[in-house]
Amino acid sequence: MTTGTEEVVLKEEEEERMVRMGSYGGMVRLLTVTATAKSEEEEEEKEKEECSYEAAAEEIMLLWGIQQPTLSKPNAFVSQACLELKLDACGHSLSIFQSPSSLNTPGVTGAVMWDSGVVLGKFLEHASDAELLPLQGKKVVALGSGCGLVGCIAALLGGQVVLTDLPDRLRLLRKNIEVNLRHGDMRGSAKVMEFTWGDDPDPELTEPPPDLVLGSDVIYSEEAVLDLLSALQQLSGGETTIFLAGELRNDAVLEYFLECAMKDFVIGRLDQRQWHPEYCSSRVVLYVLVRK
């Protein structure tokens, strides 16, 4: 049981964690450890790693303890048994085709929609409408684009979007772009490009650095974490803002990603009150990252 003074201190510490990051105009909760504050000159590399570990562990405890993702219904916004997902966004009715049979292939998850993609796409629309995240004319790179919903919404909001994925995923990705982005009143543009994390990206992706990097359900295995972080580092410039949405399936994988990412990125979590009000799920988390 906490005293009144302790509650005030905890409230002040929580308020100090609420910051603005990158090009997003709203407030996000900074992932950090407040228990031991040391000056940058005094802090050694081992201590930084310990702080990253503690902050990642604290975040996992909060997510699984407060949101309790395992108690919520999965796939609240999608049906992976259907060949087509329909969704209204940006004044258009989108038809996103998917390949349910691909789930029978081990390691292939990008050919069907997941809730995190719908949440991220509708967040972009909501934040743009609220003038918290301007996309008009911005260079946007979508990582692990899968069926392409997030990239399509970013293009409809005015972004100059490059949707990337592995070579065997590009056919479905191109189909969904052609079906959904042939409107005469589209504000932005979209193109598809192959990009394998860990490889050197095409100069078109990095020169100049993108304003925004988007990814949904890209944190899925420990084996892919370091390659994902390598891709984020290669793409990020001083003005790049990264938005990552993920399904809360495996606490160990997410904790490992956060622990590694905090060495090079400042990370904040978006409260669900800032998401699209009709597209919230306790099984999904949404982060903002900027380079240190």
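Start by selecting helix H7 (residues 222–235) together with helix H8 (residues 251–261): the two pack at an angle of about 35°, and their axes are 10 Å apart. (Axes here are lines fitted to C-alpha atoms, for helices over the stretch in contact, and angles run from 0 to 180 degrees between N-to-C directions.) Helices (H or I, at least four residues) and strands (E, at least two) are DSSP runs, numbered from the N terminus.

Turn the pair and you'll see that H7 passes H8 in a right-handed crossing. (A crossing is right-handed if the near helix is turned clockwise from the far one by less than a right angle, left-handed if anticlockwise.) To light up the contact, pick Glu 222, Val 225, Leu 226, Leu 228, Leu 229 and Leu 232 on H7, then Ala 252, Val 253, Tyr 256, Phe 257, Cys 260 and Ala 261 on H8. Contact means heavy atoms within 4.5 Å. Colour that set by class and you get 11 nonpolar residues, no polar ones and one charged. (Ala, Val, Leu, Ile, Met, Phe, Trp, Tyr, Cys and Pro count as nonpolar, Asp, Glu, Lys and Arg as charged, and the others, Gly among them, as polar.)

**A word on the model**

This is a predicted model, where local features need pLDDT of at least 70 and side-chain atom pairs count only at pLDDT 80 or more, while totals for chains, interfaces and linings use all residues. Residues are numbered from 1 along each chain as its sequence is written, and side-chain values use heavy atoms, with hydrogens and water left out.

Zoom out to the whole chain: it has eight helices and 11 strands. Of its 292 residues, 50% are buried, where buried means under 20% relative accessible area, exposed over 50%, and partly exposed in between (1.4 Å probe, protein chains only). Take the contacts between residues at least 6 apart in sequence, and 72% of them join residues at least 24 apart.

Now colour by pLDDT, the predictor's confidence in each residue, from 0 to 100. The chain averages 90, and 87% of the residues score at least 70. Residues 34–39 are a place for caution: there the pLDDT is below 50, and the stretch has three contacts in the model beyond near neighbours in sequence.

**The end of H7 and the loop after it**

Go back to H7 and select Leu 235. At 1% relative accessibility, Leu 235 counts as buried. Leaving aside neighbours within four places in sequence, its contacts include Val 141, Leu 143, Phe 195, Pro 209 and Val 213. Draw a distance from Leu 235 to Asp 211, too: they are 24 residues apart in sequence and 9.6 Å apart in space, C-alpha to C-alpha.

Next comes Ser 236, in the loop between H7 and strand S9 (241–247). Ser 236 is buried, at 10% relative accessibility. Beyond four places in sequence, Ser 236 touches Ile 242, Phe 265 and Arg 291.

**Helices H4 and H5**

Which residues of helix H5 (residues 170–180) are buried? Select Leu 170, Leu 172, Leu 173, Asn 176, Ile 177 and Asn 180. Look down the axis of H5: these residues fall within an arc of 165°, so they line one face of the helix. (The arc is that of the directions from the helix axis to the C-beta atoms.) On the other side, Arg 171 and Glu 178 are exposed. The cover over the buried residues of H5 includes strand S4 (92–97), helix H4 (149–156), strand S6 (160–165) and strand S7 (189–194).

Stay with H4. Eight of its eight residues are buried, so H4 is largely enclosed by the rest of the structure. Just after H4, Gly 158 takes a positive phi of about 105°.

**Backbone oddities and two last stops**

For a cis peptide bond, select Glu 207 and Pro 208, where omega is about -5°. Pro 208 sits in the loop between helix H6 (203–206) and strand S8 (212–216).

Two non-glycine residues have positive phi: Glu 131 at about 60° and Asp 217 near 55°. Glu 131 is exposed, at 72% relative accessibility, whereas Asp 217 is buried, at 10%.

Then jump to Glu 59 in helix H2 (residues 45–67). Buried at 1% relative accessibility, Glu 59 has contacts that include Arg 29, Arg 269 and Tyr 287, leaving aside neighbours within four places in sequence.

Finish at His 276, in the loop between strand S10 (265–269) and strand S11 (284–291). With the same neighbours set aside, His 276 is in contact with Lys 122, Phe 123 and His 126.
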